[in-house]
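Take a look at the model below. This report walks through its helices, its buried charges and its cysteines.

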Amino acid sequence: MRDNPQFILFFVIVGLHILASCISNSLSYSQLASLRLHLATQDWEDGGEIYHRLFLIRKWKDHVPTAGPFDKSRLRSLEGDYLSLFILETVRAEVAHTLCLASCYLALLVYTRPYSICIPLFFTLINLPCIMIQRYNRPRLERVLKRRGTPLSIPQTQMVRRWRILPRR
């Protein structure tokens, strides 16, 4: 195996992604609500609009594969519970992709050139668009929730399955 660093690198990358996924999926909704405050969009992000102005995110975000329970192309409900859950799941997704992106720097501690150039480039190209989508969508969802006069509700149990079966409107 020492003769094949690509083989080892493959398992390092897979292992770090699995670890990031396990960490983000183990977070409770109350933990996600706390993280939401730390991940709030900054003034320079202009409520997520900077991602459309600079990267035209509206044109491509619906073409990025999704692994979560929410369809990011349209809302299935305007109920406060649904919007709250969607907001919290955007936090979970941002945490997962940020951990994956940060893990490339862990891999850099072990591997040197040419991997020191390829790894960050690959991880950035894969994860940064997903982080941008979350940072674009979350402020928009929060504005809808605020306009409805509904505070963010934090579910005590897993509620995602309920929303998957809602009829399309």
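Contact here means heavy atoms within 4.5 Å. This is a predicted model, in which local features need pLDDT of at least 70 and side-chain atom pairs count only at pLDDT 80 or more, while totals for chains, interfaces and linings use all residues. Residues are numbered from 1 along each chain as its sequence is written, and side-chain values use heavy atoms, with hydrogens and water left out.

**The overall fold**

The protein has seven helices and zero strands. Helices (H or I, at least four residues) and strands (E, at least two) are DSSP runs, numbered from the N terminus. Along the sequence, the pattern reads α-α-α-α-α-α-α.

How much of the protein is buried? Buried residues make up 37% of its 169 residues. Buried means under 20% relative accessible area, exposed means over 50%, and partly exposed lies in between (1.4 Å probe, protein chains only).

Now take the contacts in the protein with a separation of 6 or more. Of these, 78% are between residues 24 or more positions apart.

**R135 and E45**

R135 sits in helix α6 (residues 115–147). Is R135 buried or exposed? With a relative accessible area of 10%, R135 is buried. Leave out residues up to four places away in sequence, and R135 touches L39, A40, T41, Q42, E45, G48, Y51 and E94. R135 also has its C-alpha atom 8.1 Å from that of T90, although the two are 45 residues apart along the chain.

E45 lies in the loop between α2 and α3 (49–55). E45 is buried too. Its relative accessible area is 1%. Beyond four places in sequence, E45 touches A40, I50, Y51 and R135.

Some of these partners also make polar contacts. A polar contact is a pair of N or O atoms within 3.5 Å; within protein, one must be able to donate a hydrogen and the other to accept it, and residues adjacent in sequence count only if both atoms are side-chain atoms. The table lists three distances.

| First partner | Second partner | Distance |
|---|---|---|
| E45 side chain | Y51 side chain | 2.3 Å |
| R135 side chain | E45 side chain | 2.6 Å |
| R135 side chain, a polar atom | L39 backbone oxygen | 2.7 Å |

E45 thus appears in two of the rows: its side chain meets that of Y51, and it meets that of R135.

**Where α2 meets α5**

Helix α2 (residues 29–38) packs against helix α5 (residues 80–110) at an angle of about 75 degrees. Their axes are 9 Å apart. Axes are lines fitted to C-alpha atoms, for helices over the stretch in contact, and angles run from 0 to 180 degrees between N-to-C directions. The two helices are therefore roughly perpendicular to each other. That label covers 65 to 115 degrees; angles under 35 count as roughly parallel, over 145 as roughly antiparallel and the rest as oblique.

Which residues make the contact? From α2 come Y29, L32, A33, L35 and R36. From α5 come L85, I87, L88, E89, V91, R92 and V95. They divide into nine nonpolar, no polar and three charged. Ala, Val, Leu, Ile, Met, Phe, Trp, Tyr, Cys and Pro count as nonpolar, Asp, Glu, Lys and Arg as charged, and the others, Gly among them, as polar.

**E142 and two histidines**

E142 is found in helix α6. E142 is partly exposed, at 26% relative accessible area. Outside the four-place window in sequence, E142 touches R36 and I87. The C-alpha atoms of E142 and L83 are 7.9 Å apart, with their positions 59 residues apart along the chain.

H52 belongs to helix α3. H52 is buried, with a relative accessible area of 18%. Not counting residues up to four places away in sequence, H52 touches I57, R58 and Y136.

H38 belongs to helix α2. H38 counts as exposed, at 65% relative accessibility. From H38 to V91, 53 residues apart along the chain, the C-alpha atoms are separated by 10.0 Å.

**The cysteines**

How many disulfides does a search of the whole structure find? The search finds zero. A disulfide is a pair of cysteine sulfur atoms within 2.5 Å. For C130, the nearest cysteine sulfur is that of C100, 9.3 Å away. C130 counts as buried, at 11% relative accessibility. C22 is partly exposed, with a relative accessible area of 48%.
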